[in-house]
Amino acid sequence: MKQESTLAGVRVIEICNVAAGPFCGLLLADMGADVVKIEPPGTGDTLRSWAPITDGYSENFASLNRNKRSVALNLKDEADRQVAADLIAHADVLIENNRPGVMDRLGLGYQAMSARNPRLVYCSISAYGQSGPRSQEGGFDLTLQAMSGLMSVTGEPDGAPVKCGVPVCDFTAGLYGAFSVAAALRAVQAGQPGTHIDVSMLGATLGIAALQTSQYFGMGVDPVKLGSAHPRNAPYQVFRCQGGYFGMAAGNDSLWKAVCQVVGRPELFDDERYASTTARATHQESLRDTLEEIFAGADADTWLARFREAGVPCAPINRYSDVLGDPQVEHMQWVQDLTLPNGAQTKTFVSPIRFDARTAGVARRPPGLGEHNAEVLAELRARVEQ
């Protein structure tokens, strides 16, 4: 089976902006769905203006909108709203990430559209959800990282609050959305009616914090910031060495024994402070200090080579230029050429999911704004006339 054929024949209408919704649409498009992106004329998706701009085209936008078609419609105009409604009525899926209530005011909400298309899978992505006391509050990745508790466990213990460098709340919501859409489509294909999927960035971010929420439920205390360390495992963090840092994770007793052998200190394995995973976590500051004193004798490459030979999980502190050029990334064929609508050549990171040891490429370059109006509207007329 080819990845890009798994959702072949599924028509998705995307009315989304920037990240969470477009990422959801991208995941479905990479699996073969026909994703038609509705954008406002003139400006389009806000992401189109984000740097880096190559010959007038945003590479940020390109990274989230390959394999899609673009239709420019002014949803404040009655005639264009009717076109959008007709497109949704003849689609399998609608993805939108507007503030709750916006689609209803446009006449494109779930109740109105499901009345015309009972099999419609309607996925709404928002900051806090479609109902409840915070539903009308706006949100961006930064504010959701703060609200969700993520910032309370990110950074150094004595440092100011910091956000994760990757917009994890946006993209996690997109992942939950795509997963839920695929599950709902299976139910529809089995004869069940369509449904309204409510994905919130807050809920998605709490969902991936299962270890932190369960720690609170089980112990009644808040998890805290530990830098790169782990609350229940050690050695399991970034360590300073000669000239830099590296990451090493000895997540069980056998790996800890291997660490003791690599650093030439077998007696540490018999030290009561380090006799179990729990004990090592409890005394991880003294353990870190002991190990870093040893690690100061060689650079990161040396220690990484020794730990790899011993089978201990470890890694360099890569920049993106490092990891995108890594031989494993090259082997998986994850970085591929991409042509922008203006003809400029760049590269992109494609879907990381492989089916039958095959990496899917780019089936359709990212679209210019409104590039597919004539094509998509001609298809709509043909469907209406059937």
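Which residue takes a positive phi in the hairpin of S9 and S10? Gly243 does, with phi near 80°, in a hairpin that has two residues between its strands. Keep in mind as you look around that this is a predicted model.

The hairpin itself is a good place to start. Strand S9 covers residues 236–241 and strand S10 covers residues 244–249; the two run antiparallel and are joined by six bridges. Within this pairing, Gln237 has Met248 in S10 as its bridge partner.

Just before S9 comes Pro235, in the loop that leads there from helix H9 (210–219). The peptide bond from Ala234 to Pro235 is cis. Another cis bond joins Ala51 to Pro52, and Pro52 sits in the loop between strand S2 (34–39) and strand S3 (53–54).

Positive phi values also turn up in residues other than glycine, namely Val18 and Gln333. Val18 belongs to the loop between strand S1 (11–15) and helix H1 (20–30), while Gln333 is found between helix H15 (327–332) and strand S12 (335–339). Val18 is buried, with a relative accessible area of 19%, whereas Gln333 is partly exposed at 46%.

Here are the backbone angles of these places:

| Place | Angle |
|---|---|
| Ala51 to Pro52 | omega near 5° |
| Ala234 to Pro235 | omega near -5° |
| Val18 | phi near 70° |
| Gln333 | phi near 60° |

Finally, turn to two helices. The axes of H3 (residues 78–89) and H16 (residues 373–385) come within 10 Å and cross at roughly 65°, in a left-handed crossing. Here Val83, Asp86 and Leu87 of H3 meet Val376, Leu377 and Leu380 of H16. Five of these contact residues are nonpolar, none is polar and one is charged.

Methods. Residues numbered from 1 in each chain as written. Predicted model: local features only at pLDDT ≥ 70, side-chain atom pairs only at ≥ 80, totals over all residues. Heavy atoms only, no water. Pairing = 2+ DSSP bridges. Helix = DSSP H or I, 4+ residues; strand = E, 2+ residues; numbered from the N terminus. Axes fitted to C-alpha atoms, helices over the stretch in contact; angles between N-to-C directions. Left-handed = near helix turned anticlockwise from the far one by under 90°. Contact = heavy atoms within 4.5 Å. Nonpolar A, V, L, I, M, F, W, Y, C, P; charged D, E, K, R; others polar. Buried < 20%, exposed > 50% of the residue type's maximum accessible area, 1.4 Å probe, protein only.
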